[in-house]
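User: Could you help me read this structure? I would like to begin with its surface.

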Amino acid sequence: MMTNETKYIVTMSMARNLLEQGVIDNEDYVKINTKFTQKYEPKIGTLSAEIDLNKMPERGNM
């Protein structure tokens with residue numbers, strides 16, 4: 001079972017993809033974020049939802 005934190009992160013990831021594809025605009029994204037922040041009450045999810053892990057610099061393991 002997914003936690004509320006995970007549900008929020010997944011939801012906002014999908015919303016961010018829609019924003020990047022131009023399906024929704026920034027105003028819609030903010031509304032979605034507000035609604036699902038209230039619904040899921042994430043503790044740290046709001047921070048991680050704004051970090052695009054695909055665009056982070058790669059770090060090698062040494």
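Analyst: Accessible areas here come from the Shrake-Rupley method with a 1.4 Å probe. Please note also that this is a predicted model.

User: How much area does the protein chain expose, and what share do carbon and sulfur atoms supply?
Analyst: The protein chain exposes about 5,100 Å². Carbon and sulfur atoms supply 56% of that area.

User: And how many of the residues are buried, as a percentage?
Analyst: Of the 62 residues in the protein chain, 21% are buried. Buried here means under 20% relative accessible area.

User: Changing topic: which helices and strands are there?
Analyst: The protein chain has three helices and zero strands. Along the sequence, the pattern is α-α-α.

User: What about α1, how far does it reach?
Analyst: Helix α1 covers residues 4-21, which is 18 residues. From its first C-alpha to its last it reaches 26 Å, close to the 26 Å expected at 1.5 Å a residue.

User: Which residues of α1 are buried?
Analyst: They are Y8, T11, M12, A15 and R16. Seen down the axis of α1, these buried residues fall within an arc of 140°, so they line one face of the helix.

User: What comes just after α1?
Analyst: G22 follows, with a positive phi of about 80°.

User: Which residues make up the largest nonpolar core?
Analyst: Seven residues make up that core: Y8, M12, A15, I24, Y29, F36 and Y40. Two elements, α1 and α2 (26-40), each give two or more residues to this core.

User: Why would such residues be found together?
Analyst: In soluble globular proteins, nonpolar side chains tend to be buried together.

Definitions and conventions. Residues numbered from 1 in each chain as written. Predicted model: local features only at pLDDT ≥ 70, side-chain atom pairs only at ≥ 80, totals over all residues. Heavy atoms only, no water. Helix = DSSP H or I, 4+ residues; strand = E, 2+ residues; numbered from the N terminus. Expected span 1.5 Å × (residues − 1). Buried < 20%, exposed > 50% of the residue type's maximum accessible area, 1.4 Å probe, protein only. Arc of directions from axis to C-beta. Core = buried A, V, L, I, M, F, W, Y, C linked by side-chain atoms within 4.5 Å.
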